[in-house]
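The report that follows looks at one protein model, beginning with its strands and going on to charged pairs, backbone geometry and surface.

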Amino acid sequence: MGCYEQAGVDVEIQDLQSGSKALQAMIGGSTDVTSGYYDHTVQMAAKNQDVTAFVNMLRYPALVLAVAPDAAGEIDSIEDLQGRTVGVTAPGSSTDFFLKHLLTQAGLPADAASVQAIGADATAVAAMEQGQVDAAVMLDPSIGQLEARVGELQLLADTRTVEGVQEVYGTDTYPAAVLYATQDYIDANTETVDKLADAITCALDYVQQHSGEEIAAEMPPQLVGEDTALYARAVEALKEAYNPTGAIDQAGAEAVRDVLAASQPEIAQAEVEVEGTYTNEYVEP
């Protein structure tokens with residue numbers, strides 16, 4: 001759509017398997033900025049590393065915990081996951097954090113279920129369809145693709161809407177997908193960071209003003225897949241989760257910290273102050 005060009009920044013995108021791998025790449029110096037979940041800025045703050053989110057794309061996580069078709073008659077609740085194998089994109093990723101939160105919220109140990117890395121997209125769909133896992137944390141359009149193949153899925157948690165976010169987290173907003181970078185990078189490249197935030201808010205504006213069908217038409221074919229209508233429906237269903245402003249709400253940031261602290265002792269012990277994990281400076285009008 002030309003949002004990067006319009007903002008005056010040239011971006012090379014590296015498509016990595018999971019949020020944890022993307023974080024590792026940035027910390028290792030092979031990337032400058034990460035598109036990942038806000039969770040990781042809190043995780044790094046607990047390790048005394050300054051990583052800052054500067055534009056928020058998803059105000060709801062849009063994560064879904066679904067039961068695999070083969071296990072649908074055996075798993076009816078989070079408690080039933082004890083001793084089972086649950087797919088996540090990768091251990092240490094936000095999908096893993098989400099699972100641990102749901103387990104502890106249900107009164108189980110955070111490691112009550114075994115986690116298996118299944119990636120995202122086609123690999124996650126295949127793992128669920130073939131019974132490699134008993135359940136999985138997934139995102140659209142993979143959820144829609146799986147349902148198109150096997151029929152309606154049993155969902156144990158769904159954070160694609162404000163109602164689902166309230167049920168899982170007890171809050172109206174829970175910042176998820178963001179752009180983040182080390183504070184050192186931000187300080188040394190404020191103009192670039194500002195341009196990146198402008199490009200993302202350009203895309204967020206487009207999402208708010210157009211239908212799922214119109215958005216799908218702008219997407220690269222390899223991301224849409226063979227069923228354009230299915231992809232369009234998934235995008236339309238997700239529109240509520242996209243952040244109209246790009247800003248992070250402090251109450252939402254505190255909710256993320258509190259959720260992570262409940263299942264991760266190192267975060268609880270660090271007493272992270274969320275004010276240092278994000279900035280709205282680059283998205284303010």
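In this predicted model, strand E4 (residues 85-88) and strand E5 (residues 114-117) run parallel to each other and are paired over four bridges. Within this pair, Val-86 stands opposite Val-115 in E5. To get from E4 to E5 the chain passes through helix H4 (residues 94-105), and the resulting β-α-β crossover is right-handed.

Both strands belong to an open sheet of five strands, which has the order E5-E4-E6-E3-E7 and mixed pairing. The edges are taken by E5 and strand E7 (155-158), each of which has a single partner strand, so that one side of each is left without a neighbour in the sheet. From one strand to the next, the twist averages 20°. The antiparallel sense is represented by strand E3 (residues 64-67) and E7, which pair over three bridges, and here Leu-65 stands opposite Ala-157 in E7. As a general background, strands of a sheet pair through backbone hydrogen bonds, in either the parallel or the antiparallel sense.

**Charged pairs**

The structure holds eight salt bridges, and the table gives some of them with the distance between the closest N and O atoms.

| Acidic residue | Basic residue | N to O distance |
|---|---|---|
| Asp-134 | Arg-84 | 3.6 Å |
| Glu-129 | Arg-149 | 2.8 Å |
| Asp-258 | Arg-257 | 3.1 Å |

What does the salt bridge between Asp-134 and Arg-84 tie together? Asp-134 lies in the loop between helix H5 (122-129) and E6, whereas Arg-84 lies in the loop between E3 and E4, so the pair connects parts that are 50 residues apart in sequence. Arg-84 has a relative accessible area of 21% and is therefore partly exposed.

The salt bridge of Glu-129 with Arg-149 also links distant parts of the chain, with Glu-129 in helix H5 and Arg-149 in helix H6, 20 residues apart. Its two partners are not covered alike: Glu-129 is partly exposed at a relative accessible area of 29%, while Arg-149 is exposed at 55%.

In the pair formed by Arg-257 and Asp-258, Arg-257 is buried, with a relative accessible area of 19%, and Asp-258 counts as partly exposed at 44% relative accessibility. Salt bridges that share partners also join Glu-74, Arg-84 and Asp-134 into one network.

**Backbone geometry**

Most residues other than glycine have a negative phi, and most peptide bonds are trans. Against that background, the peptide bond from Asp-140 to Pro-141 is cis, with omega near 10°, and Pro-141 is placed in the loop between strand E6 (135-138) and helix H6 (142-150).

Asn-48, a residue other than glycine, has a positive phi near 60°; Asn-48 sits in the loop between helix H3 (39-45) and strand E2 (51-56), and with a relative accessible area of 71% this residue is exposed. Glu-271, likewise not a glycine, has a positive phi of about 50°. Glu-271 is found in the segment after helix H14 (265-270) and counts as exposed at 64% relative accessibility.

**A nonpolar surface patch**

Tyr-4, Val-11 and Ile-13 make a nonpolar surface patch of about 270 Å². Of these residues, Tyr-4 is found in helix H1 (residues 3-7) and counts as partly exposed, at 32% relative accessibility.

Note on methods:
Residues numbered from 1 in each chain as written. Predicted model: local features only at pLDDT ≥ 70, side-chain atom pairs only at ≥ 80, totals over all residues. Heavy atoms only, no water. Patch = residues over 30% accessible without salt bridge, like charges linked within 9 Å, V, L, I, M, F, W, Y side chains within 5 Å. Areas by Shrake-Rupley, 256 points an atom, 1.4 Å probe, with all protein chains shown as cover. Salt bridge = Lys/Arg side-chain N within 4 Å of Asp/Glu carboxyl O. Helix = DSSP H or I, 4+ residues; strand = E, 2+ residues; numbered from the N terminus. Buried < 20%, exposed > 50% of the residue type's maximum accessible area, 1.4 Å probe, protein only. Pairing = 2+ DSSP bridges. Right-handed = clockwise from strand over helix to strand, strands pointing away. Axes fitted to C-alpha atoms, helices over the stretch in contact; angles between N-to-C directions.
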